[in-house]
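Here's a walk through a two-chain model, from the overall picture down to a few single residues. Have the structure open beside you as you read.

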Amino acid sequence: MSNGADSKTFFLDEEEIPFEEGQTIIQAALSAGKFIPHLCYHPEFKPHGSCKLCTVRIDSRTVTTEDGQSVKIPGRAAASCTTPAQAGQHVESEVPEIQDLRRTLVQMLLVEGNHYCPSCEKSGKCMLQGLAYDLGVMEPHFPQYFSKREVDASHPDVLLDFNRCILCELCVRASAEVDKKNVFALSGRGNTKHLICNSESGKLGDTNLAATDKAANVCPVGVILHKRHGFEVPYGQRRFDMAPISDNPAQYAPVKEQV
Amino acid sequence: MKHQFELETAQNPEALKRIVIEPVSRVEGHGKVTILLDDKNKVHQVRLHIVEFRGFEKFIEGRPYWEVPVLVQRLCGICPVSHHLAASKAMDMIVNGGILTPTAEKVRRLMHYGQMLQSHALHFFHLSSPDLLFGFDSDVAKRNIVGVAAANPDVAKMGVLLRKFGQEVIRVTSGKRVHGTGSVPGGVNKSLTLEERDYLLKDADQMIAWSRDAVRIIKQLHKANPALYDSFGDVPSTLMSLVDEDGGLDFYHGALRARDKDGEVIFDQVSYQGYNSLLTEGVKPWSYMKFPFITTLGEEKGWYKVGPLARIQNCTRIPTPQAEAERVEFVAYGGARPMHGSLGFHWARMIEMLCAAETIKDLLLDPDIMGTELMAEGPRRGEGIGVIEAPRGTLFHHYRVDENDVVTYANLIVSTTNNNTAMNVAVRDVAKHYLTGHELTEGLLNHIEVAIRCFDPCLSCATHALGKMPLEVSLVNAEGVEIDRLTKDGEGRIGNGGA
C-alpha cells in the first residue's frame, strides 16, 4: 500500500482513492468508479449538502483500553459532497451503521411524499427508487403522510407532480445557475417546505421555463416531467434495469433523457 | 326471464335468521353472500355483497393521461391487461383518434389473447375444476387445486402450464407477467424480437392441444350430467358482447351486439362510443357494485349477461377453425335457444381458451409482430372511450382529458359489474332450489359459491360507486317516532323526506 499523504490519496472503505486538489470526497469517489449514495448532489452544480444521503464517517479510530480491549471511536460524520478530500484520511461509507442511516432517510422521504412507483413515469430511472432498492428498502416502515398535493399541468410542455418532490433544489439551482431564469424556489419551513414557481399566479405555465432548459431535465425523481411522454422505454431497458444504481457510477447523475 | 327483484329484499328481515358465506372462496377479490331464511329454512332474501371498495374512477381525476393505462391496471392482479388495453384504447382516441400501426395492434392483440388464455386456465383448473371433478358437496378438504393435483395430476399440470404460457405471452409483450407497460397511448413500446417470437412459438401447438383437451373435459362433464349442468343457476337473460364487423368473435375490438333470452338480436353493430346512451348504471343501497341495464329495456328487463356464455352464443362464428367447430357443437347442444345454465359458462370459457391458443399461434406467425412501426399520430381529441372483451366480459373505459393533458372524468364499467344482476339472480335461483327446506351444510352452501364461480367474477375490479350509493338517514326521537329524514339518490341528489 502506498503512502496516501505523498500521492494524494485517501481511503474509502479501505480502498485507496486518488484525488485532485479541491475535489470533495464524493467527486473523487465517483471519478474512481466508487459509488456513494446521494440525491441532491449533481456534478454540474455547487454542493448542496441537504439530502444527507452521502454522509460518511471520517477517521474513526480504534484504541486499546487499559484492560486490553479494542474500542472503536467513531470519526466525525460529514456530507461527502461538501467535505474536501484530504490525503490519508480514512472514510467509511458502505458500512452497516451508515447504510442503516441512509435507509432510514430514504424511508422518510418515501412516506413524506406520495411516491407511487407503479404508475410513475420515472420508475426504473428514478434516483430515489434506485437508492431504495440498493439500500434494501422493502417496506415504508414509517406511517405515510398522505400529503395532498395537486399537479401543475399549466405549462404546455412540462408537468409538475409535487407529490414526488424531495426538496433537493436541483431544479432551483439549474434554473438560477444555468438557465438564468429563477423559475423555481423552495418556500416554507420544516414540514411545510415545498417547491414553488416564480410567477404571479404561482403556476408553471406563467413562467418562462422551456422544455429544453436544464431545470426541466435535472429532476432526479418524477416531479418535472415532459408532457405526452410516458413509459416509452420497455421494462428491461430502463436506466436502472440495466445496472443497479450503485453498480454503475458512470451514470451517477440525472441525465437529459426525456427531451 | 326471471324477475331480478325476487328474493332481493325480504319483507320482515328482523324475523329471519341470517346465514353468511364470507369470504366467497375461489373467486378474485372479496365478497360475501347473505341469506335470510325462516324457521322452515325457506329462503326469503339472498344478496351477493362486495365488501371492498376501490374508487379508481375518482383518484384518476387530476392525473396526466399517459399514466392512466399503467395506473388503472392496478385495479386487478388477475386480468390487468384488460384494463391496460381498454385504457390504452380510450387514450388512443384522445391522442390520435384511435389509429394504430399494424404492429401495435397485433402486439396488443397478442398480449390480450395471452391474458385470455392464462385467466381462463386459472379459473377453470385452479378455481372451478375441484367442484366440477369432485362434486359440489364433496370432501371440502380435497376440493381444491391440491386435491385435483393428487387425483388428476395430468389435469393439474395442464392447467399450470397453460397459465404459465399465457403469462409468458404477457411478459414478452408487456415486459412483466403482471402489470407491464407495453401498451401506451397511440401504440406500444416494444414489438417482439425473433428470439422472443421463437421462444413462444415452440410451445404454441402444445397449448392448442391442451386447450382442446380442456374443452373435451368440460364437454364430457356437461353431457354426462345434463340434468345438473343444463339447469343449475339457469337465468335466462339478454346476452351482450363485442363482435367483429362480420359478427365474429373478437376479444380486442368490435361493435356491440345483444340478443334476447331466446336468441333474437336486440341490437347489432352498435358503436361502443355511444355506450352511455345504451346502458344505465343502476345502484342499490346495499352494494358498492353498480347494476347496469340496457336503458331502453328498463331496470327490470334490461339486465344482461356478459362473458364467455354471452360471447360464444352472441357471435356468428369464431375465426379459428378448431374453436369454431367447438362453437358449432355448443350451439347445437343448446338447441334452438341459447343456453342460460350458469355451468355453461365453463364450456364456453374453454372454447374461448382454445380460440385464444389458436390465435396466439397465428399472431406469432405474422411478420408484423416483429415490426418496428410502434406509434401512430393523429388529431388530438378531448374524450375517449375504449371497450374490450376481458376474460370476464365486456369492459368499458371512458375518459375526458383537458387541454392541459390532465384527466377530468373517468367512468369504468367493469366486466363483473355487467354481470352483477345476473350473478345475484343466479345465486337466488340456486338458493331457492337447493337450500329451501334443507338442513344447511357446507356442501349445500358451496352450491351458492359454485353459481358465483361460473361467472368468474373479479370482485376487486368492480366497485367504483363512490358517492352514487343511495342513502336514507332517519332521525328518530326517544319514543321511536321519526322526526326527520334525509335521502340521497343514485345521482347524489339530496332530498328531504320530511317526517
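Let's begin with a strand that has cover on both sides. In this predicted model, strand 6 of chain B has Thr238(B), Met240(B) and Leu242(B) on one side and Leu239(B), Ser241(B) and Val243(B) on the other, and all of them are buried. Put as a count, six of the six residues in this strand (238–243) are buried, so "mostly covered" is a fair label.

Strand 6 of chain B has partners too. Five bridges tie it to strand 7 (residues 255–259) of chain B, and that pair runs antiparallel. Within the pairing, Met240(B) sits opposite Ala258(B) of strand 7. Strand 6 is also joined to strand 11 (residues 304–305) of chain B, this time by two bridges and in the parallel sense. There, Leu239(B) faces Lys305(B).

**How far to trust chain B**

For the model as a whole, ipTM is 0.88 and pTM is 0.89. Chain B has a mean pLDDT of 89, with 89% of its residues at 70 or more. The stretch to watch is 463–471 of chain B, where pLDDT is below 50; even so, it has 33 contacts in the model beyond near neighbours in sequence.

**Chain B in outline**

Chain B holds 16 helices and 17 strands. Of its 499 residues, 53% count as buried. Among contacts in chain B with a separation of 6 or more, 70% are between residues 24 or more positions apart.

The domain assignment splits chain B into domain 1 (57–429) and domain 2 (472–499). Their C-alpha centres lie 42 Å apart.

**Two partly exposed residues in chain B**

Are Glu196(B) and Tyr275(B) buried, exposed or something in between? Glu196(B) has 19 other C-beta atoms within 10 Å, and because a buried residue needs 20 or more, it counts as partly exposed. Tyr275(B) has 18 C-beta neighbours inside 10 Å, so it also ends up as partly exposed.

As for where they sit, Glu196(B) belongs to helix 7 (residues 194–224) of chain B, while Tyr275(B) is in helix 9 (residues 275–278) of chain B. Setting aside neighbours within four places in sequence, Tyr275(B) is in contact with Ile385(B), Val387(B) and Phe396(B).

Here are two C-alpha distances that involve these residues:

| Residue pair | Separation along the chain | C-alpha distance |
|---|---|---|
| Glu196(B) and Leu364(B) | 168 residues | 9.6 Å |
| Tyr275(B) and Arg259(B) | 16 residues | 16 Å |

**Where the chains meet**

Which kinds of residue does chain B bring to its side that touches chain A? In the contact region, 19 residues of chain B are in contact with 18 residues of chain A. By class, the chain B side has six nonpolar, eight polar and five charged residues.

**Over to chain A**

The domain assignment gives chain A domain 1 (9–93) and domain 2 (101–239). The centres of these two domains, taken over C-alpha atoms, are 28 Å apart. Between them, 11 residues of domain 1 of chain A are in contact with 16 residues of domain 2 of chain A. The domain 1 side of that contact has six nonpolar, four polar and one charged residues.

Chain A also has an open sheet of three strands, in the order 8-9-12 and with antiparallel pairing. Strand 8 (151–152) and strand 12 (224–226) of chain A are the edge strands, each pairing on one side only. Strand 9 (residues 158–161) of chain A pairs with strand 12 of chain A over three antiparallel bridges. One residue pair to find there is Leu160(A), whose bridge partner in strand 12 is Ile224(A).

**A helix with cover around it**

Why is helix 3 (residues 127–134) of chain A described as largely enclosed by the rest of the structure? Because six of its eight residues are buried. Those are Met127(A), Leu128(A), Gln129(A), Gly130(A), Leu131(A) and Ala132(A). The buried residues of helix 3 pack against helix 2 (96–112) and helix 5 (239–242) of chain A. After helix 3 of chain A comes Gly136(A), with a positive phi near 75 degrees.

Technical notes: Residues numbered from 1 in each chain as written. Chains lettered and ligands numbered in written order. Predicted model: local features only at pLDDT ≥ 70, side-chain atom pairs only at ≥ 80, totals over all residues. Helix = DSSP H or I, 4+ residues; strand = E, 2+ residues; numbered from the N terminus. Buried ≥ 20, exposed ≤ 12 C-beta atoms within 10 Å, placed from the backbone. Pairing = 2+ DSSP bridges. Domains from an automatic or database assignment. pLDDT = per-residue confidence, 0-100. Contact = placed C-beta atoms within 7 Å. Nonpolar A, V, L, I, M, F, W, Y, C, P; charged D, E, K, R; others polar.
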